[in-house]
Amino acid sequence: MTADTSTRAPLTMDQLAAVIAHDIPEGSYVNLGIGQPTKIADHLPKDKSGTVNVILHTENGMLGMGRKAEGDEVDADLTNAGKVPVVETPGCSYFHHADSFAMMRGGHLDVCVLGAFQVAPNGDLANWSTGKPGDIPAVGGAMDLAIGAKDVYVMMSLFAKDGTPKLVQACTMPLTGINCVSRVYTDYGVFDLGPDGARIRATFGITPDELCAKVAALHR
Amino acid sequence: MARTSILATSEQAVAGIEDGSTILVGGFGLAGMPFDLIDALILQGAKDLTIVANNAGNAEVGLAALLKAKRVRKILCSFPRQVDSYVFDELYREGKIELEVVPQGNLAERMRAAGAGIGAFFSPTAVGTPLAEGKEERTINGMRYILEYPIRGDYALISAHQSDALGNLVYRKTARNFGPVMATAAATTIVQVNEIIPTGYLDAESIVTPSIYVDRVVQTEARHYTVKGAR
């Protein structure tokens, strides 16, 4: 697939979450970053028995994380990495923080999906600090996650609020990781990153030529 | 006789913590936060503390209450800024607290190294980023790594679900988080538990923290808080 111009408009973040959910192979161990990527969990395909065959990792120490807890299900001892109460799934397991990050750093996770401020075609990622003076620095697990899966995907809007592309020739914001992102999912298109730069895998509501005209980091 | 002391009150459990101590504080947000031990520490009065924790306090309970009481000189953590970290935010903006930001996995592994007697280790996390500046880098088998040193505590304050009379611990769900690692990395590990049960009643296959890492245990009433505004 090189171009999918069947959609007339760019995707909403929920539609994009569904696209990503369907690209994650069955049986994968997956970490979904805080923010937009958490939406992907709602769109993971179910088999005939209603089971989701992707196992979610949450870096605060659990495999087999379930959905957000509601009402009486809320247990203060069971949260996701965003500190939102969640539920268990059958076969889930708990482990401490050093094990959780060893699992990540050791390359055992298949896919990690992260939000981003900027991504470059060489796979450099900036998603932890805008670099503005006066901001309180906070990195959490971002730098560990960026290097912590066999495939690191980014999910983001292609353009910032001021209209500038977030897929850039070189990141200007403080880096989270280098050469770590392999694919970028955006509302206007999906891009594979590799030695030849960013290659268009799909577009949404825009042609590849129009997209290349708007985003300098993209080439046909 | 067990080397671990089972104490009657949180005040007894935190007795003797000196001014200027480095204290590892368990919890991820509010899950696993040792609320009673921290409240007792505030009453005990130790000041000029260096705290190692994942976050820099939520609302005004637990670690945030200790910060509010102005007992903390410096904090090492991965994610200070949160929806309800206003106590820390104000102290930081006023220059009244020192902050060292450490990536979460390195924070955990540096404590693990301390507990395991490792002198230092090379981590791939943060290579090429501002948090690696000034640190030694080495390329091993074509991969770039940063040299990271252990983080040791004078004390660890953690919470667990159950202890037996020897100090063997089991945890509950994701409240486990930093507890098992911090327990290994401090000279004195102090634990609050929801329940103390007789020795022999924990499943030996399920004990997460063996008693050798535990110095003092106190049973406290479980308190449950969730982070307001988390999404």
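**Chain B: a three-stranded sheet and the contact with chain A**

In chain B, the strands β6, β8 and β7 form, in that order, an open sheet with antiparallel pairing, where two strands pair if DSSP finds at least two bridges between them. This is a predicted model, in which local features need pLDDT of at least 70 and side-chain atom pairs count only at pLDDT 80 or more, while totals for chains, interfaces and linings use all residues. Residues are numbered from 1 along each chain as its sequence is written, with chains lettered from A and ligands numbered from 1 in the order in which they are written.

**Sheet**
- The edge strands, each pairing on one side only, are β6 (121–123) and β7 (137–140) of chain B; helices (H or I, at least four residues) and strands (E, at least two) are DSSP runs numbered from the N terminus.
- Three bridges join β6(B) to the antiparallel strand β8 (residues 143–148) of chain B, and Phe121(B) stands opposite Glu148(B) in β8(B).
- α5(B) packs on the sheet, touching β6 and β8 of chain B, and its direction makes about 165 degrees with that of β6(B).

**Contact between the chains**
- The contact takes 41 residues from chain B and 35 residues from chain A, two residues being in contact if their C-beta atoms, placed from the backbone, lie within 7 Å.
- On the side of chain B that touches chain A, two or more residues come from each of α4 (86–93), α5 (104–116) and α6 (179–185) of chain B, and α5(B) gives the most, with five residues.

**Confidence**
- Chain B has a mean pLDDT of 96, with 99% of its residues at 70 or more; pLDDT is the predictor's confidence in each residue, from 0 to 100.

Note on methods
Axes fitted to C-alpha atoms, helices over the stretch in contact; angles between N-to-C directions.
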